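I opened this one to look up the fold, the surface and a few side-chain pairs. These are my notes, in the order I took them.

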Amino acid sequence: TDAGNEEQFWPQPLSAEETSLRRRAGRLIEGLRRIPEVMENRKAWENECEETFALFRRGCLDASNTNLLEAPIFNNQQMEAAWLFLIQVRRLHPTRKK
């Protein structure tokens, strides 16, 4: 029966939309996770700043089309670190004024 099959797969498998949202959220969360590491280590800044910025930027763009930015999954320290990172990137890379 269908009810028996539903019970067999609990929780239900993610829909295509849920899988896509999880992937997009992952980019944003990974970008936020990398920011403190890059900010605290000069060598990491030199080697990973651009990649971290690109990952964070893509995550923000993905999240702008959803309510992900409103989700209570980010803490104040992550938000502060992200702003400081963006200010530092802009200061050191004048071409990133947007």
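Before anything else, I wrote down what counts as a polar contact: a pair of N or O atoms within 3.5 Å, where, within protein, one must be able to donate a hydrogen and the other to accept it. I also noted that this is a predicted model.

**Entry 1: Asp62**

I started with Asp62, and that is where I needed the cut-off. The side chains of Asp62 and Arg27 are joined by a polar contact of 2.5 Å. I placed Asp62 in helix H3. Is Asp62 buried or exposed? I looked it up: Asp62 has 6% relative accessibility, so it goes down as buried. Then I asked which residues Asp62 is in contact with, leaving aside its neighbours within four places in sequence. I got Arg24 and Arg27.

**Entry 2: the overall layout**

Next I stepped back to the whole chain. I found four helices and zero strands, and reading along the sequence gives α-α-α-α. The protein has 98 residues, and 26% of them count as buried. I also checked how far apart in sequence the contacting residues are. For contacts with a separation of 6 or more, 71% are between residues 24 or more positions apart.

**Entry 3: the surface**

I pulled up the accessible surface, which comes to about 7700 Å². Carbon and sulfur atoms own 52% of that. Which residues make the nonpolar surface patch? I listed Met39, Met79, Trp83, Leu84 and Ile87, covering about 500 Å². Helix H4, residues 76-92, gives the most to this patch, with four residues. I checked Ile87 separately, and its place is in helix H4.

**Entry 4: aromatic rings**

I searched for aromatic pairs and the count came to one. The pair is Trp45 with Phe85, and I logged it as edge-to-face, at 5.6 Å centre to centre with 70° between the planes. I kept the 60-degree cut-off in mind here, because planes over 60 degrees apart are what edge-to-face stands for. Where do the two partners sit? Trp45 lies in helix H3 (residues 42-64) and Phe85 in helix H4, so the pair ties together parts that are 40 residues apart in sequence. I then looked up how covered each one is. Trp45 is buried at a relative accessible area of 15%. Phe85 is buried too, and its relative accessible area is 0%.

**Entry 5: Arg34**

I moved on to Arg34, which I found in helix H2, residues 16-40. Buried or exposed? The relative accessible area of Arg34 is 19%, and the limit for buried is under 20%, so Arg34 counts as buried. Not counting residues up to four places away in sequence, Arg34 touches Glu51, Thr52 and Leu55. The side chains of Arg34 and Glu51 are joined by a polar contact of 2.9 Å.

**Entry 6: salt bridges**

How many salt bridges does a search of the whole structure find? I got seven, and I followed up those around Arg33 and Arg34.

Arg33 pairs with Glu30, and their closest N and O atoms are 2.6 Å apart. These two are three residues apart in helix H2, so about one helical turn separates them. I have Arg33 as partly exposed, with a relative accessible area of 42%. Glu30 is also partly exposed, at 23% relative accessibility.

Arg34 forms a salt bridge with Glu30 as well, with closest N and O atoms 3.1 Å apart. Arg34 and Glu30 are four residues apart in helix H2, again separated by about one helical turn.

Arg34 and Glu51 also meet in a salt bridge, at 2.9 Å from N to O. Arg34 lies in helix H2 and Glu51 in helix H3, so this pair ties together parts that are 17 residues apart in sequence. Glu51 is partly exposed, with 48% relative accessibility.

Last, I asked which residues are joined into one network by salt bridges that share partners. My list reads Glu30, Arg33, Arg34, Glu37 and Glu51.

Technical notes:
Residues are numbered from 1 along each chain as its sequence is written. This is a predicted model: local features need pLDDT of at least 70, side-chain atom pairs count only at pLDDT 80 or more; totals for chains, interfaces and linings use all residues. Side-chain values use heavy atoms; hydrogens and water are left out. Buried means under 20% relative accessible area, exposed over 50%, partly exposed in between (1.4 Å probe, protein chains only). Contact means heavy atoms within 4.5 Å. Accessible areas come from the Shrake-Rupley method with a 1.4 Å probe; for residues, only the protein chains shown count as cover. Patches are made of residues with over 30% relative accessible area and no salt bridge: like charges are joined within 9 Å, nonpolar side chains (Val, Leu, Ile, Met, Phe, Trp, Tyr) within 5 Å. A salt bridge is a side-chain nitrogen of Lys or Arg within 4 Å of a carboxyl oxygen of Asp or Glu. Rings of Phe, Tyr and Trp (its six-membered ring) pair if their centres lie within 6.5 Å; planes under 30 degrees apart count as stacked, over 60 as edge-to-face and the rest as tilted.
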